[in-house]
Amino acid sequence: MIGYLAHRIMLMVPTLIGISLITFIIIQLPPGDFLSTMIAECEAQGESSCKEQVAVLTEEFGLDKPVWQQYLIWVSDLLQGNMGISFEYNKPVAEVIGESLYLTIIVAGSTIIFTWIVAFPIGVYSATHQYSWGDHGLTLLGFLGLATPNFLLALVMLFLANVWFGTSIGGLMDPQYVDQPWTWGKFVSILEHLWIPVVVIGTSGTAGLIRRLRANLLDELQKQYVVTARAKGLSPGKALVKYPLRMALNPFIADIGNLLPQVISGAVIVSVVLSLPTTGPILLRALQTQDMFLAGSFLMCLAFLTVIGVLISDLLLAVLDPRIRLAGGAGH
Amino acid sequence: MTPLVDIRDLRVQFLVGDGAVQAVKGVSFAIPAGRTLALVGESGSGKTVISQTLMRILPQNAEITGGQVLFNDPAKPDDAPVDLVALPADGKMMRQIRGGSISIIFQEPMTSLSPLHTVGDQVGEALLLHRNCSKPEAKELTVEMLRLVGFPDPEKAWRAYPFELSGGLRQRAMISMALVCRPSLLIADEPTTALDVTIQAQILKLIADLQAELGMAVLMITHDLGVVANVAEDVVVMYHGEVMEQGGLRDIFGDPRHPYLKGLLAAVPRFDMKPGERLIPLREIKQDRSALKRPEREAWPEGADDRMLTIEHLTKTFSVRNKGWLARGSTQHLAVDDISFDVRRGECLGLVGESGCGKTTTSKMIMKALTPDSGTVTFNDRGTPVDIAALEGDKLFDYRRKVQFIFQDPFGSLNPRMTVFDIISEPLVIHKIGTPAERAERAMELMRLVGLDVRHLRRYPHSFSGGQRQRIGIARALALEPELLICDEPVSALDVSIQAQILNLLKDLQKELGLTYLFISHNLAVIDYMADRIAVMCSGRLVEQASREDIFKNPVHPYTKALLAAVPEPNPDRKLDLTALMAGRASIPSAWPEPFTVAEGSTLQMIDLGNGHFVRASAKPEGIAA
């Protein structure tokens, strides 16, 4: 067990090195960079002070050195926990991301919970009542959810929420609470705004989850061991939960690996449309303006979370499924 | 005396697509308490539907349209009989009976247990449901039951997961689950069909022993008349949802009245068949003999070696990687250990052994689908020996034309997205033989050859039955006019009546097309019917090789003897001798007596007993006349 864990963690190192290389190269690929744009702007305005500022930054991050040295400086800074400075915000990257992080986690966490709470009962119902009217109706709803573009749904719901409930347009809270300390009013205001992004972001996820759960469960329901369980005298409900449902869960546990990075990056387009103060739009903006340390460190965070997430879901799978734990590659 | 279960005029139908199919059409019979009743029939005869009706676990599209199933619970002798059909299927009363008073074991031990729960959990669950007992009591009773069904270490088995057990042990776990509540009726639905013969004999013995101990009735559902003759006291024969014949075992076998039963008995290969006697399938294939023509080939050169395939010291080791947390690293598994044999031109060599003995690995090495670790496979191309290990490019391509393969699984071996025409003509396309018109002509010829309607060439495989699919597979294998056909268990997935069709077809084709067969099977009776010479494999080793007569009349090796003893014959006068099975140790090489013992690291030689009879031993066994 400990050997396995050590092995897996060792494997993460080359993976992360590879990802960091690719990330860095991609960020360097487009012509120009943030600083040269900044200098051009300064010169156009006839200012001279910003030149010194640029010189300081260039010195600190070795931006005049060859690319491979820049990469090494960036990586060694990252390893020391220094994610660099965002040129645009003129603040350390950690601060820029950190501010919006907790709101992102609230939105993403609620979305995941919403998705699971809605999708599980529907998926199980659809599978156990295959081809019934209920199944057909829910399947239709699911396809509608999959097919509707998120941003469109977001706009429609914003409009409706404003017309029906008077909720302010955009953001996660009423404007007067922005940048204010936590109060009960702020909390209520967040709740009032939260449901729109949760429903919008969650719709397609829910629909996908329903389809997959239905398909998995239908496969499992055909299996002989389900008949064995019934033949033992178990009631249908108990038999369903103990045997096929448990088996059908594996793909979802494997999915946890993908959830972690999603929590951070969020649904970018929806966030932009709803002008949510989450991390998604920040990343988008950083990539557009070639704010290299913000974009690079952000992407590395995502990669790291993905790798950790996959490890967690593998460990969970092994804990829950004895075949993975004990049989290994014996080919059963 | 009132019977345990009285089935009266039972009717069950299945709703499919646009109508209803009658699966059981007014069946009546009684299951007496404490006795064994065998329900015999082909697949599709409705025997499994009856068992599902008794348990009320019919699929959702099935509907009971009439009749009664009266159950007299011996635990409540004063109560009036319960009509199982009238109870709600998932109601409390039916759930009490299901698993408590009537329980069932299934054919597939591999899939009928949940892989995520321990054996103890799954077996004990039945106790917790039906007997008023606490968890520690349930564990105690479960462990006791596991001991009773023959687990050497029941405590360990209680904690084990099903995938850690072999097929035979899984079936034992399944039996313990069915019996742990001491039911008055055990339904065994093809309990041994998926198992090797030696394991089958053990399981049948186990069921019989437990039946005597627990005093329960057994409803044995099977298509294997050999099993019926060995275990049943009463027999009910079913065909297309109707009872054809019923009576005591000896009446049924001694004096079969109904033509269906007579036909069924004639379709099963037996050991006491006269030389040249043919099996009579229930439905004969209408083969178009005009399509039979010997492929034009160069004549076999005068004086050339007539060994078509020579295999010398073939060895293959698989390294099994343990990815589990508890056992990392890899273990070496010797799949094929120093095997030598040859296949002569025009003969059928039977390769027999249990699952996992290395038969299929050997055949794959002959096909060059696997590379042996050491040893050679030499193909005799009209006097020119060809080492297949050295074959590459065009020469390998040529070799592929000469050696073809018939697979076991008629469902998995045909691509469901290709029409029959595409399947049969694909080898010709790959080998660039003929124009499209000639290929079409050839495909029709092959269809006639295997007795299929040429009008069906444009259909897809799913519209054919298992036997018809297997014939499509044969037609595909014959498309290239091969010289050697490797048949890997070609009939083990088929019903007995279909099996006779395919065996006869293969026999005719061999004779008329001058083919050479390597026939792989675990079924000795089938091998006996097909093969001229037989090679017996066990645990990756060739243990005995001889002509067909010698193997059956004069087996020398203990494993061969056990294998022969374990085959149930469809003859009530010759029941299985279970003592010859060495209590299940016959397939463990280190348990064989001297001079056959295989100790760690030692290799035994094949010893010539004369007359082409070889046995693997350290010295010539005593009492054998050379």
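On helix α14 of chain B, Ala437(B), Glu438(B) and Glu441(B) are exposed and lie on the face turned away from the helix's buried side. The model described here is predicted. This report takes that helix as its starting point, then turns to a sheet in chain B and to the general build of chain A.

**Helix α14 of chain B**

Helix α14(B) runs over residues 436–449 and has 14 residues. From its first C-alpha to its last it reaches 20 Å, close to the 20 Å expected at 1.5 Å a residue. Opposite the exposed face, the buried residues of α14(B) are Ala443(B), Leu446(B), Met447(B) and Leu449(B). These four cover an arc of only 155° around the axis, so they sit on the same side of α14(B). Such an arrangement can be read against a general property: an α-helix has 3.6 residues a turn, so residues three or four places apart point the same way. The packing partners of the buried residues of α14(B) are α13 (420–430) and α15 (466–478) of chain B. Just after α14(B), Gly451(B) adopts a positive phi of about 75°.

**A sheet in chain B**

Chain B also holds an open sheet of six strands, ordered β6-β7-β8-β3-β9-β10, with mixed pairing. The edges are formed by β6 (102–105) and β10 (242–248) of chain B; each has a single partner strand, so one side of each is left without a neighbour in the sheet. On average, neighbouring strands of this sheet are turned by 15° against each other, direction ignored.

One of the pairings joins β9(B) to the edge strand β10(B), in the antiparallel sense and over six bridges. Within β10(B), Gly247(B) is the bridge partner of Val235(B).

Helix α1 (residues 47–55) of chain B packs on this sheet and makes an angle of about 145° with the direction of β7(B). The strands that α1(B) touches are listed below.

| Strand touched by α1(B) | Residues |
|---|---|
| β3(B) | 36–40 |
| β6(B) | 102–105 |
| β7(B) | 185–189 |
| β8(B) | 217–222 |
| β9(B) | 234–239 |

**Chain A as a whole**

Chain A has 15 helices and two strands. Along the principal axes, its C-alpha atoms fill a box of roughly 85 × 60 × 35 Å. Chain A comprises 332 residues, of which 30% count as buried. Among contacts in chain A with a separation of 6 or more, 70% come from residues 24 or more positions apart.

Note on methods:
Residues are numbered from 1 along each chain as its sequence is written. Chains are lettered from A and ligands numbered from 1 in the order in which they are written. This is a predicted model: local features need pLDDT of at least 70, side-chain atom pairs count only at pLDDT 80 or more; totals for chains, interfaces and linings use all residues. Two strands pair if DSSP finds at least two bridges between them. Axes are lines fitted to C-alpha atoms, for helices over the stretch in contact, and angles run from 0 to 180 degrees between N-to-C directions. Two residues are in contact if their C-beta atoms, placed from the backbone, lie within 7 Å. The expected span of a helix is 1.5 Å times one less than its number of residues. A residue is buried if 20 or more other C-beta atoms lie within 10 Å of its own, exposed if 12 or fewer, and partly exposed in between; C-beta atoms are placed from the backbone. The arc is that of the directions from the helix axis to the C-beta atoms.
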